[in-house]
Amino acid sequence: MSENPTKHTKVLIIGSGPAGYTAAVYAARAMLNPILVHGIQPGGQLTTTTDVENYPGFKDVIQGPWLMDQMRGQAEAVGTEMIQDHIKSVDLKKTPFVAIGDSGQTYTADSIIISTGAQARWLQLDSEQNFRGFGVSACATCDGFFFKDKTVAVVGGGNAAVEEAMFLTKFASKVKLIHRRDSLRAEKMLQKKLMENKKIEIIWDSVVEEVLGDKEPKNVTGLKIKNVKSNDIKELKIDGLFIAIGHDPATELFKDQLEMDKEGYLITKADSTSTNIPGVYAAGDVKDKTFRQAVTAAGMGCMAALEAEKHLSHS
């Protein structure tokens, strides 16, 4: 007999975060005894978010990691089995579906809920990768504190970039927002707050060409930026760079099995979390590039569990 006998479940949830945990709560309450498999940092993007002010039910500001701990605890309390593993392959061509973990564990499931989320997108510059963790970051809430009274730059023009820039003004003495166009995509209310903030300077029509810095000790000292209209290149003195240019969904695992759009987001039926394979559902940022909120992800997790329950009762 093998060391890891196959684990079978009615509902296998791949990925944690608001979508995965909420799906687990609903599936467990439906007596489906779900298994939730999460990576080494359970909780998804909210674990890198400090102040959460827009999750309903809390009058005072709450912390992202705390909210994820609470959701996880709730899912466990109602009967979810949590397993730390990394699913490296899935076979959705036959039922029960099969998933294999890095641990060597085989999981079989009558239905699967995918809530693997998304990760920050990088500029793909060698110099950026070289200074990642040494002044280059994709998470202002994780690393902003290190730039007290310093000058930082944020790249991007959407809500995330504007929110990161605003957040960084808590610490930095100056924030330069670099955007490749001449107008922002962020919500009007956020733009208004940004424009009113004296610590923020917007550099329009510009892209980062190179991150400059010292080798010993390794740290960022500046940027080379190019104006896309005039092609002029200038150097900026900065101490830190934050990248906020969007996210890539964690869907590599499902390529050639599930329908996805050109950016890799899983496609679900209208008003549903159903993918193109009956019994396989997608919830949260792995399928949602429009809202990307904790509350919408949680809502989709609920939908996915209810749809899985209905599917299982008919199969």
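In which loop does Ala250 lie? Ala250 is in the loop between strand E18 (247-249) and strand E19 (280-282). The legends below refer to a predicted model.

**Figure 1. Overall view of the predicted model.** The protein contains 7 helices and 19 strands. A compact globule of 315 residues would have a radius of gyration near 20 Å, and the value of 21 Å for the protein agrees with this. Along the principal axes, the C-alpha atoms fill a box of roughly 65 × 40 × 35 Å. Of the 315 residues, 48% count as buried. The accessible surface comes to about 16,100 Å², and carbon and sulfur atoms account for 51% of that area. Contacts between residues at least 6 apart in sequence were also classified by separation: 59% of them join residues at least 24 apart. There are 37 positive and 40 negative side chains, and the centres of these two sets lie 4 Å apart.

**Figure 2. The largest nonpolar core.** This core has 30 residues, of which Ile13, Tyr55, Leu67 and Ile113 touch the most other members. Strand E1 (7-14), helix H1 (17-29), helix H2 (64-77) and helix H7 (294-314) each supply at least two residues of the core. The largest share, 8 residues, comes from H7. In soluble globular proteins, nonpolar side chains tend to be buried together. Beyond four places in sequence, Ile13 touches Gly20, Ala23, Ala24, Pro34, Ile35, Leu36, Val37, Ile113 and Ser115. Ile113 thus appears both among the core members with the most contacts and in the contact list of Ile13.

**Figure 3. Surroundings of Gly17 in helix H1.** Is Gly17 buried or exposed? Gly17 counts as buried because its relative accessible area is 3%, under the 20% limit for that class. With neighbours within four places in sequence left aside, the contacts of Gly17 are Gly43, Gly44 and Met68. From Gly17 to Val286 the C-alpha distance is 11 Å, at a separation of 269 residues in sequence.

**Figure 4. Surroundings of Ala250 in the loop between E18 and E19.** Ala250 has a relative accessibility of 23% and therefore counts as partly exposed. That class runs between the 20% limit for buried residues and the 50% limit for exposed ones. Ala250 touches Thr116, Gly117, Ala118, Gln119 and Val286, not counting residues up to four places away in sequence. Lys94 is 156 residues from Ala250 along the chain, and their C-alpha atoms are separated by 22 Å.

**Figure 5. Packing of helix H5, residues 159-168.** H5 is mostly covered, with 7 of its 10 residues buried. The buried residues are Ala161, Val162, Glu164, Ala165, Met166, Phe167 and Leu168. Which elements do the buried residues of H5 pack against? Two of these elements are helices, H4 (140-143) and H6 (188-196). The strands against which these residues pack are E11 (151-155), E12 (174-178), E13 (200-203) and E17 (240-243).

**Figure 6. Cis peptide bonds at Pro96 and Pro217.** Most residues other than glycine have a negative phi, and most peptide bonds are trans. The bond from Thr95 to Pro96 is cis, with omega near -5 degrees. Pro96 is located in the loop between strand E6 (87-91) and strand E7 (97-101). Glu216 and Pro217 are also joined by a cis peptide bond, and omega there is about -20 degrees. The loop that holds Pro217 lies between strand E14 (206-214) and strand E15 (219-227).

**Figure 7. Positive phi at Asp205 and Asp271.** Asp205 is not a glycine, yet its phi is positive, about 50 degrees. Asp205 lies in the loop between E13 and E14. Its relative accessibility is 13%, so Asp205 counts as buried. Asp271, likewise not a glycine, has a positive phi of about 55 degrees. Asp271 is placed in the loop between E18 and E19, the loop that also holds Ala250. At 79% relative accessibility, Asp271 counts as exposed.

Technical notes
Residues numbered from 1 in each chain as written. Predicted model: local features only at pLDDT ≥ 70, side-chain atom pairs only at ≥ 80, totals over all residues. Heavy atoms only, no water. Helix = DSSP H or I, 4+ residues; strand = E, 2+ residues; numbered from the N terminus. Rg over C-alpha atoms; globule rule 2.2 N^0.38 Å. Buried < 20%, exposed > 50% of the residue type's maximum accessible area, 1.4 Å probe, protein only. Contact = heavy atoms within 4.5 Å. Areas by Shrake-Rupley, 256 points an atom, 1.4 Å probe, with all protein chains shown as cover. Lys, Arg positive; Asp, Glu negative; His and termini not counted. Charge placed at Lys NZ, Arg CZ, Asp CG, Glu CD. Core = buried A, V, L, I, M, F, W, Y, C linked by side-chain atoms within 4.5 Å.
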